[in-house]
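Me: I'm new to reading protein models, and I'd like to learn how the labels are earned. Could we go through them together?

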Amino acid sequence: MQNFIELYYQKSGSYTSKQFLIIIPAGDHSFHTKWYNSSLYELCIIYFGNDDNISLDYKEKSDLFFRDKGPKWQLIRRAINKINIDKYKYIWLPDDDLDISKSKVEELFKISLKHNFSLSQPSLNVPGINFKDIQKSIF
């Protein structure tokens, strides 16, 4: 049984010239709420929770919205099948527990565009932790 809701356009279905898209499967406590209202990217939220009030809030503040259940990559696959992804230069697929500011998300896209990266992701910078030492112990 699939309870997939058709694509919802917050901006009344109007065309946008934004080059970037974020597709985020989001639960009730998602950190994506810091990323609303960007002039650089569209925010596509796939809400997988059960709270109708949270669903409505996400729907009203997103550019694209789905409500669906399932594993992350299945949710993303079903959403991508409903979106014209060819119009975007970059698409980012973050987890909903990634705590990053809107300005840093925009910086990620700007750097990727400037250097014409084929693939990129934000990096983690935690003062006092040497990630090279952690990697050495893994490899």
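Reply: Happily! Let's start with a definition: a residue is buried when its relative accessible area is under 20%, exposed when over 50%, and partly exposed in between. Keep in mind that this is a predicted model.

Me: Why is Glu107 called partly exposed?

Reply: Its relative accessible area is 35%. Partly exposed covers what lies between the 20% and 50% cut-offs, so Glu107 earns that label. Lys104, at 46%, counts as partly exposed too.

Me: What makes Lys104 and Glu107 a salt bridge?

Reply: The rule asks for a side-chain nitrogen of Lys or Arg within 4 Å of a carboxyl oxygen of Asp or Glu. Here the N to O distance is 3.3 Å, so the pair qualifies. Both residues sit in helix H3, 3 residues apart, which is about one turn of the helix.

Me: How many salt bridges are there by this rule?

Reply: The count comes to 6. Another one of them joins the side chains of Asp52 and Arg67, with 2.8 Å from N to O. Asp52 belongs to helix H1 and Arg67 to strand E4, so this pair ties together parts that are 15 residues apart in sequence.

Me: How do you know whether Asp52 is buried or exposed?

Reply: Its relative accessible area is 55%. Exposed means over 50%, so Asp52 is exposed. Its partner Arg67 has 17%; buried means under 20%, so Arg67 is buried.

Me: Why do Asp68 and Arg78 count as a salt bridge?

Reply: Their closest N and O atoms are 2.7 Å apart, and the limit is 4 Å, so they meet the rule. This pair links distant parts of the chain, with Asp68 in the loop between E4 and helix H2, and Arg78 in helix H2, 10 residues away. Asp68 has 2% relative accessibility, so it counts as buried, and Arg78 counts as buried at 17%.

Me: Now for the empty space. What lines the largest pocket?

Reply: There are 17 lining residues, and Leu98, Ile100, Gln121, Pro122 and Ser123 lie nearest the centre. The pocket holds about 410 Å³ of space. Helix H3 gives the largest share of the lining, 4 residues, while strand E5 also supplies at least two.

Me: Which classes do the lining residues of the largest pocket fall into?

Reply: The lining has 10 nonpolar, 3 polar and 4 charged residues. Pro counts as nonpolar, so Pro122 at the lining belongs to that class.

Conventions:
Residues are numbered from 1 along each chain as its sequence is written. This is a predicted model: local features need pLDDT of at least 70, side-chain atom pairs count only at pLDDT 80 or more; totals for chains, interfaces and linings use all residues. Side-chain values use heavy atoms; hydrogens and water are left out. On a 1 Å grid over the protein atoms alone, a cavity is a set of points where a 1.4 Å probe fits but cannot get out, and a pocket is an open set with protein on both sides within 12 Å along at least five of seven lines; lining residues have an atom within 4 Å of a point. Grid points are joined across faces, edges and corners, and a volume is the space filled by probe spheres set on the points. Buried means under 20% relative accessible area, exposed over 50%, partly exposed in between (1.4 Å probe, protein chains only).
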